[in-house]
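Consider the model shown below. The paragraphs that follow go from pairs of charged side chains to the chain as a whole, and then to two of its helices.

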Amino acid sequence: LFKLHLSCRPNDNVLVYYAGHGALEPNGAGVWILADGGRLANSEVKDILQRLPARRALLISDSCFSGDFLKRDIRVHYRDIRVGFQAQYTNQVSPPVSVPAWMPANVAEGRQVITSGNLKPVPDAGSGYCQDHSPFSCSLITALQDGIPTGAVVGATDLHTHICEELQKRGVPEDQMPQRGAIQGDAGGEFFLVRSK
């Protein structure tokens, strides 16, 4: 993460995915608990993303208390979304592609976050075919593998909606739904994913 700014270019799109343990410090600040037992403050991760020279960045954080990423920024709760994960994939592109040809060159910069929950613990183990993943990660994998046709484009907004719909089917309470929002440095640019295979 700390070296990322050295390799980023102004038109790059950067996706940071974290699946691991998170905690709240006694002062209420959220942290990632690293494999070596160290802690990385959510505020530090946000600062890295804000300062990246990339055009767009999307952080997906699957950890307890990950809603801390958005507690002082713009957040979207699942109950505010009623559109659903529709078949909106009409912009077919030829893989491989880093930026879809239909996307205007002057699209706004974006700094978006999708979190696995709010300011509470989230389950870290699923059941059945999801036993090796958290319910959030399993829903993300389902969305990416089954919800997006080959060659299609999906925005982070629709991806978040699909994850929420999958979790709702599994009985996850509304107050434990994933959050989506923007952090400082966002100018409204949507982060897009293209399925190439």
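Asp47 is partly exposed, with 30% of relative accessible area. The model is a predicted one, and in it the side chain of Asp47 forms a salt bridge with that of Arg51, at 2.8 Å from N to O. Both residues belong to helix H2, which runs over residues 42-51, and being 4 residues apart there they are separated by about one helical turn. Arg51, with a relative accessibility of 65%, counts as exposed.

The structure holds 3 salt bridges in total. Side chains of opposite charge can pair when their charged atoms come close. A second pair is made by the side chains of Glu166 and Lys169, with an N to O distance of 3.4 Å. Here too the partners share a helix: Glu166 and Lys169 are 3 residues apart in H4 (residues 156-169), or about one helical turn. Their exposure can be stated separately. Glu166 counts as buried at 12% relative accessibility, whereas Lys169 counts as exposed at 66%.

The remaining pair is Glu25 and Arg39, whose side chains meet at 3.4 Å, N to O. Where in the chain do Glu25 and Arg39 lie? Glu25 sits in the loop between strand E2 (21-24) and strand E3 (30-33), while Arg39 is in strand E4 (residues 39-41), so the salt bridge ties together parts that are 14 residues apart in sequence. Glu25 is partly exposed, at 26% relative accessibility. Arg39 is also partly exposed, with a relative accessible area of 46%.

These elements belong to a chain with 4 helices and 10 strands. Their order along the sequence is α-β-β-β-β-α-β-β-β-α-β-α-β-β. Of the contacts between residues at least 6 apart in sequence, 78% join residues at least 24 apart. Buried residues account for 45% of the 197 residues in the chain. The accessible surface comes to about 10100 Å², and carbon and sulfur atoms contribute 52% of that area.

Helix H2 also gives an example of a contact with a distant part of the sequence. Ile48 lies in this helix and is buried, with a relative accessible area of 14%. Which residues does Ile48 touch, leaving aside those up to four places away in sequence? They are Leu1 and Phe2. Leu4 is 44 residues from Ile48 in sequence, and the C-alpha atoms of Leu4 and Ile48 are 8.5 Å apart in space.

Helix H4 can be checked for length and cover. At 1.5 Å a residue, its 14 residues should span 20 Å, and the C-alpha atoms at its ends are 20 Å apart, which agrees. The helix is mostly covered, since 10 of its 14 residues are buried. Among the buried residues of H4 are Leu159, Ile163 and Leu167, along with Asp158, His160 and His162. Glu166, the salt-bridge partner of Lys169, also belongs to the buried set in H4. Just after the helix, Gly171 takes a positive phi of about 85°.

Key:
Residues are numbered from 1 along each chain as its sequence is written. This is a predicted model: local features need pLDDT of at least 70, side-chain atom pairs count only at pLDDT 80 or more; totals for chains, interfaces and linings use all residues. Side-chain values use heavy atoms; hydrogens and water are left out. Helices (H or I, at least four residues) and strands (E, at least two) are DSSP runs, numbered from the N terminus. Buried means under 20% relative accessible area, exposed over 50%, partly exposed in between (1.4 Å probe, protein chains only). Contact means heavy atoms within 4.5 Å. Accessible areas come from the Shrake-Rupley method with a 1.4 Å probe; for residues, only the protein chains shown count as cover. A salt bridge is a side-chain nitrogen of Lys or Arg within 4 Å of a carboxyl oxygen of Asp or Glu. The expected span of a helix is 1.5 Å times one less than its number of residues.
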